[in-house]
Amino acid sequence: MTLQEYDYARESPSKLAASCLLLALTMKNLGGWTPTLEYYSGYSAQDLHPLVKRLNFLLTYQPRDKLNAVRSKYSHRVFFEVAKVTPMDMLKLEETLSSS
């Protein structure tokens, strides 16, 4: 989704990937940012928090009339129906990130 948004072009690909991973871990309640993830990514959880919030905002307020082919593709079980995952409530995300 970020490939279609010009605002994300200035972010480094590694930071964007790490932020997506942290958001996914948080959304699925699979734990937080571990020292191993920090070591190999080069980013602390605090470095990623602003971008994680922006990504969740993008998921929450995405226009439903655009990119229907992408949404349809990733709604299939082959791709684990990731397009159907409900974004996190912004307040709950903020709470979760600040507690980690």
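User: Before we start, what does contact mean here?
Analyst: Happy to help! This is a predicted model, and in it contact means heavy atoms within 4.5 Å.

User: Which residues is Ser-19 in contact with, leaving aside its neighbours within four places in sequence?
Analyst: Start by finding Ser-19, which sits in helix 1, residues 13-27. Once the neighbours within four places in sequence are set aside, the contacts of Ser-19 are Leu-48, Leu-51, Val-52 and Leu-55.

User: Is Ser-19 buried or exposed?
Analyst: The cut-off for buried is under 20% relative accessible area. Ser-19 has a relative accessible area of 0%, so Ser-19 is buried.

User: Which helix gives the largest share of the largest nonpolar core?
Analyst: This core has 16 residues, and those touching the most other members include Leu-22, Leu-48, Val-52 and Leu-55. Helix 1, helix 3 (45-60) and helix 5 (90-99) each supply at least two of the core residues. The largest share, six residues, comes from helix 3.

User: Which residues does Leu-22 touch, not counting residues up to four places away in sequence?
Analyst: Leu-22 is among the core residues that touch the most other members. Not counting residues up to four places away in sequence, Leu-22 touches Trp-33, Ala-45, Leu-48, His-49, Val-52 and Leu-97.

User: Which side chain makes a polar contact with the side chain of Glu-11?
Analyst: Glu-11 lies in the segment before helix 1, and counts as buried because its relative accessibility is 17%. Beyond its neighbours within four places in sequence, Glu-11 is in contact with Leu-51 and Arg-54. The polar contact, at 2.8 Å, is with the side chain of Arg-54.

Terms used:
Residues numbered from 1 in each chain as written. Predicted model: local features only at pLDDT ≥ 70, side-chain atom pairs only at ≥ 80, totals over all residues. Heavy atoms only, no water. Helix = DSSP H or I, 4+ residues; strand = E, 2+ residues; numbered from the N terminus. Buried < 20%, exposed > 50% of the residue type's maximum accessible area, 1.4 Å probe, protein only. Core = buried A, V, L, I, M, F, W, Y, C linked by side-chain atoms within 4.5 Å. Polar contact = N/O pair within 3.5 Å; in protein donor to acceptor, adjacent residues only side chain to side chain.
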